[in-house]
Amino acid sequence: MASEESSLRALESLMTEFFHSCTTNERKREIEELLNNFAQQMGAWRHCLYFLSNTQNEYVMMYSLTVFENLVNKMWLGVASQDKMEIRCCLPKLMLAQHKAMPFFIRNKLCKVIVDIGRQDWPMFYHDFFTNTLQLIQSPAMAPLGLVLLKTTSEELASPREDLSVARKDELRKLLLEQIPTVLGLLTGILETVWDKHSVTAATPPPSPTSGERGEKLLGSLLQGTQYSKLLSQPMPALDGDSEHLCSLALECLAHLFSWIPLSTNITPSLLASIFHFARFGCDLRVNGQLDRSRLGVLAMTCVNELVSKNCVPLEFEEYLLRMFQQTFFLLQRLTRENNAHTVKGRLQDLDESYVEKFTDFLRLFVSVHLRRIESNDQFPVVEFLALLFKYTFNQPTHEGYFACLDIWSIFLDYLTTKIKSRLADRDSVLNRYKDALVLLLTEVLNRIQFRYNQSQLEELDDETLDDDQQTEWQRYLRQSLEVVAKVMELLPSHAFSTLFPVLQEDLDVYLGLQQFIVTSRTCRRLNITAENDCRRLHCALRDLSSLLQAVGRLAEYFIGDVFAARFNDALAVVERLVDVTCYGSQISLYDLETAVPSVLKPDLIDVHAQSLAALQAYSHWLAQFYSEVQRQNQSRFISLVTSTMDATAPLITAKIPEKLLLSACHLMVSMATTVRPVFLVTLPAVRNVFNFIIENQTRRLPQEAHMLVCRALSNMLLLPWPNLPESEQQWQTRSSSHASLLAALTRHYCLLRSPANQPPRRLGLDDTKAMLHQTLPVLRDIVDSISAESTKSRQICYQSLQESVQVSLGLFPVFIHQPDVTDEMLSFFLTLFQGLRVQMGVPFTGQIIHTFLSMFTREQLAASILQEGSAGCRVVEKFLKILQVVVQEPGQAFKPFLPSILSLCMEQVYPILAERSSPDVKAEMFELLYQVLHHNWRYFFKTSVLASVQRGSAEDAMENEAQFSAAMQAFGQSFLQPDIHIFKQNLSYLESLNSKHKLYHRKLFRTSMLFHFINVLLQVLLHKSHDLLQEEIALAVYNMASVDFDAFYSAFMPEFLNGCHGVDSNQRTVLCRNFKLERDLPSFTQSVHRLVNDLRYYRLCNSSLPTGTVKL
């Protein structure tokens, strides 16, 4: 006794020292080692039992419980049965005796240890484990402790960790499910008893004088039957602290149970009614002097959401579901009720934020998962529900809450759109049912994005900081709002248009009226609006106009396609208005005005101008359809629109224009050239001016992005086929010489860099040469990229114009091979050429390029590049490998002679460098190259044609280049031993693809010398849990490999695999083999694989926990 006392004192002093701020790390390590050694002793638990009973030191208690936890979870198999019995008896006694005095986290840890014992021994050796818990719950004094044990049991036994066999996991789940009716009955009893006990003394309050008849009528339709009326009229009980704590624990238990038990009639109406009683705590404001009970409301809504999140609803539970929704909408009615003391928004603002979040979650789940079930039920008035949701949405106190509600409306609108598309016959009746709600929604969402209605809220939004999606808070707000507007437009096009267009007109009138306030002096042009109030109103009008222009642009897609003719007049009105606005903005150069508040009004004017151009760009597809409709008719209207558009755009393409406006103008020009493609575009004076500006200003250029866009537009005008015209009218000859002149001007200085081999160009310094490369090649790359999917003629002309630049680039490549930033740019250019123009380049020249690259990328050069991970050097190797991927995919025999060199480069030069390093990006490209070599050049390895294989049955494969094939397969196999999960996933999919397309797993070489190795590696990966996210993909691959020869898999591979598994004995191997059912269908096979992996890990854990020298029977 004395020795245990002294051990306890020593342990207390050690623990206090360990957690003291002055203790060094070295000393902490010593103490940790000492404590670990003590815990490993078989009899340590006896000391810990004494420590737990006799200490007040929390550190000592926690350490002692950790020793027990370790014993139960890792060493239990080796503990003598007498000791187990003693532990099962002593720990619950200790808990019952001391639970009130223990800190809650110690009590919870002790409960977990007891539950862990139950997980191992219930019901065989610990038959009263669950009955003890149920008895505690039924005892008023012990109920809180019983509920903690129940929740821990649900957490630990329903979905146990892997330290149990699959059979035991299934047994535990079955045992728990048998107890569910009893458990739910007890929990219902607790909630009902507390509610009834505290409701007796409360008096019924008088009805609210402001609730009005409409509210009562709405509730009447939502809540059929007397029980709901009773629920509505009942006052909220005033709970004491103990009752609140007890109900919180009961609701926490229910929430966890609902997360895994199936929906069934065990979840009774009285239980649901009790949960909804407590859900009311969240939607009633606190009365002064009462404790805040909203946590109960949050927990109750968590229970509701767990039930509603289940998509699989048994037929017998559907009525309960309807009842739940009726009760929840009673709560929604309460949340959105106005009275003299509170507005709806003020009410929501005063409620617990978590409660409002949970309620929004419920509404989202209801609309996304169950609306289709409930909508047709006469007892559930969906239109009235939407009215409540409308009030709830537009009274949200936070932006995040409003976003979440907009998401719910988006889900509803998607549901409605899908429903209408699948039921075209009664489209109008469905739409009429919801029409009023949709019109209201549209109007309110549009109001919410306008400063004239919502200035205070909109000014709170941040318009500077970018989030993960590269948008500001304001941009996100506007985008989400416009998505809802667009979805309503799809359902009610004429309504949406007639709502939006007049609002746009109002703000346009303000903008178009600014001309009269412009005062011109000798030095400047000024906007003569100076009064503070006028400036503020102008700021709001301009911001609103910018938003509405974006809205009009977003709706462009609803005027094209089948509805073009029906909605032509509306679209024409919009486009004509937009053309007028852009011309007006460019003519009077509002972006150039001096204003009274330059930091605010100048950006506003620039933004409106830019947005008007962007909105017009959105209608380019409509213009293209308009063009095709009037191709052989009177085109004057169309010509006028395009001419005015270019007159508005061209003056903005100079370096002096603010970048935002310049880029909008450039993008509009690209769309006119690429999407609309009018024959006359290139002849317009405004466009000729842009051509001249670009050709003559190669030294004083636009910013790089704008320059690239303009060059793309000009090139596309000359290269892209004109729509609806025969080949004979395309004027290719004239356009070809114009394109050659344009490219000659763009590359004039670049082509002067041509130099003798291996000498830097003399005319310019090295830095100037690099700058020239970085300026010119991206432009050329962009031009090629934009026509890569176009007709052969377009690509032919493009390559003719580029030929000289390509030759210069190839000549410069060896000069800059040691400068990765330049090589990166050059290879990007060549990659684009290979992807878009390889046919036009011809086989001899393409071969010359590949030969140059292969000779330049020596092993030393590759190693130097790859060693700088994440650098330009790595990117260079990636681009090089991408070019080779394009080459090996080319059909025909032209590039086949390069296959040996490419395979040699991969396997002998690149792979040995990568094998030792992570280099994920280069690895991904190298394995893709290997895959493309195998997939597109299968007959390089397997000469046999498919027909011959069929005729000869399973005859031998005629193989060539076997060594290279084996090396490639070995590289794939090695990649499965690496930690990089992305490479693993990619390569597994490559092997599966090669099997589905070329029967890889069935080939004799793979089948006889590789198949079992691959299955073995994949099973080991599952055992080590290193790539758990890919469990399903790995199991499918194992199935596909095993299915090549199931008999060999079961009779040869499985015994060999199990014999090679360390950490299990022969009996366990027999059990594992027996449990792996001889099934040949995928679901059963996959289940067996997962069972094998789980049980093998479990046996190893058990065996490692046995004391040394244990005899296993």
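Where is Ser64 placed? Select it and you land in helix α4, which spans residues 58–74. Keep in mind as you click around that this is a predicted model.

Ser64 is buried, with a relative accessible area of 0%. Show its surroundings next: leaving out residues up to four places away in sequence, Ser64 touches Cys48, Phe51 and Leu52.

Now widen the selection to residues 31–97. An unreviewed UniProt entry annotates this stretch as "domain: Importin N-terminal". Colour residues 31–97 by secondary structure and you get 82% helix and 0% strand. Pick the C-alpha atoms at the two ends of that range, and they sit 31 Å apart.

Next stop, the core. The largest nonpolar core has 397 residues, and Phe412 and Trp622 are the ones with the most contacts inside it. Select helix α9, residues 166–199, to light up the largest share of this core, 12 residues. Then hop over to Phe412: setting aside neighbours within four places in sequence, Phe412 is in contact with Val367, Leu371, Leu386, Tyr434 and Leu438.

Last, a helix pair. Select α38 (residues 859–867) together with α40 (residues 899–915); their axes come within 10 Å and cross at roughly 35°. The crossing of α38 past α40 is right-handed. To see who makes the contact, show sticks for Arg859, Leu862, Ala863 and Ile866 on α38, and for Leu905, Glu908, Gln909, Val910, Pro912, Ile913 and Leu914 on α40. Colour those by type and the contact of α38 with α40 splits into 8 nonpolar, 1 polar and 2 charged residues.

Definitions and conventions: Residues numbered from 1 in each chain as written. Predicted model: local features only at pLDDT ≥ 70, side-chain atom pairs only at ≥ 80, totals over all residues. Heavy atoms only, no water. UniProt positions renumbered as here; feature names shortened; annotations may be inferred. Helix = DSSP H or I, 4+ residues; strand = E, 2+ residues; numbered from the N terminus. Axes fitted to C-alpha atoms, helices over the stretch in contact; angles between N-to-C directions. Left-handed = near helix turned anticlockwise from the far one by under 90°. Contact = heavy atoms within 4.5 Å. Nonpolar A, V, L, I, M, F, W, Y, C, P; charged D, E, K, R; others polar. Core = buried A, V, L, I, M, F, W, Y, C linked by side-chain atoms within 4.5 Å. Buried < 20%, exposed > 50% of the residue type's maximum accessible area, 1.4 Å probe, protein only.
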